[in-house]
Amino acid sequence: RFLSKNKVGESTQMEILSAKILKFCVVPRGLESLRWLLKQPSFNGLRTGLLPAFRKATETGALPQLELLFSRGIKPDEPLPSDPEGAGARPAKLADAPGETALMIAAKKGHREVVDWLLKKGANPEQTDNCSNTVLLKAVISNRGNRRLYDSLLFFVPWRRRGDYVNLKNKYGLTPMFSLA
């Protein structure tokens, strides 16, 4: 009923869809609900709700939901909308920067399985956000001592560029190597 165009305007419909999908991604039976919603004829072609849902699934480490949303055409390096709820809860250097991708979010949250899955799907570990934060820098600052996560990220960087990659500075002058020390 919430998908009916007769009762709700187009922009309001998009907002309702975004909220519904976000809720479906985090509830215990979220996968079945998300599958049902994506099968609805009124939902075909709408991508507005998919990106916030992809972000929420990445933050929670919900790999089955990520796979389902990925099958709907989301690219692994697509910048995701910022998280308005969580931005104030972190230090400014880690706040959600425009241009943050699913790989950056998964690395920041320490979800190694999601990081590995995104890398296998073609996510670029060398990509930076608008504050020049690399995926590795976000992982190091947020997850000190998570060696397996660092190894996963470095494995997908060509070995000739690994030395440069661990010493890339963000706009605050931080590097992954300096942050580990």
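Student: Why is R112 called partly exposed?

Tutor: R112 has 28% relative accessibility. Buried means under 20% and exposed means over 50%, with partly exposed in between, so R112 counts as partly exposed. Keep in mind that this is a predicted model.

Student: And what makes D116 buried?

Tutor: Its value is 18%, and the cut-off for buried is under 20%, so D116 counts as buried.

Student: How do you know that R112 and D116 form a salt bridge?

Tutor: Check the N to O distance, which is 3.8 Å. A side-chain nitrogen of Lys or Arg has to be within 4 Å of a carboxyl oxygen of Asp or Glu, so this pair makes the cut. Both residues lie in helix α6, four residues apart, about one turn of the helix.

Student: What makes K138 and E100 a salt bridge?

Tutor: Same kind of check: their closest N and O atoms are 2.5 Å apart, and the limit is 4 Å, so the pair counts. This one links distant parts of the chain, with K138 in helix α7 and E100 in the loop between α4 and α5, 38 residues apart.

Student: Why are K138 and E100 called buried?

Tutor: K138 comes out at 2% relative accessibility and E100 at 0%. Buried means under 20%, so both residues get that label.

Student: Which other salt bridge does K138 form?

Tutor: K138 also pairs with D129, with the closest N and O atoms 3.3 Å apart. D129 is buried too, at 4%. Both K138 and D129 belong to a network of salt bridges that also links R55, E59, E100 and K108.

Student: What makes the contact between R55 and E100 a polar contact?

Tutor: The side chains of R55 and E100 are joined at 3.1 Å, and the cut-off is 3.5 Å between N or O atoms. R55 sits in helix α3 and is buried, with a relative accessible area of 4%.

Student: How many aromatic pairs are there?

Tutor: A search of the whole structure finds two.

Student: Why is the pair F70 and W117 called edge-to-face?

Tutor: The ring centres are 5.3 Å apart and the planes stand at 75°. Centres must lie within 6.5 Å, and planes over 60 degrees apart count as edge-to-face, so the label fits. F70 lies in helix α4 and W117 in helix α6, so the pair ties together parts that are 47 residues apart in sequence.

Student: And what makes F155 and F156 edge-to-face?

Tutor: Their centres are 5.4 Å apart and their planes are at 85°, which is over 60 degrees, so this pair is edge-to-face. F155 is exposed at 62%, whereas F156 is partly exposed at 34%.

Terms used: Residues numbered from 1 in each chain as written. Predicted model: local features only at pLDDT ≥ 70, side-chain atom pairs only at ≥ 80, totals over all residues. Heavy atoms only, no water. Helix = DSSP H or I, 4+ residues; strand = E, 2+ residues; numbered from the N terminus. Buried < 20%, exposed > 50% of the residue type's maximum accessible area, 1.4 Å probe, protein only. Polar contact = N/O pair within 3.5 Å; in protein donor to acceptor, adjacent residues only side chain to side chain. Phe/Tyr/Trp six-rings, centres within 6.5 Å; stacked < 30°, edge-to-face > 60°.
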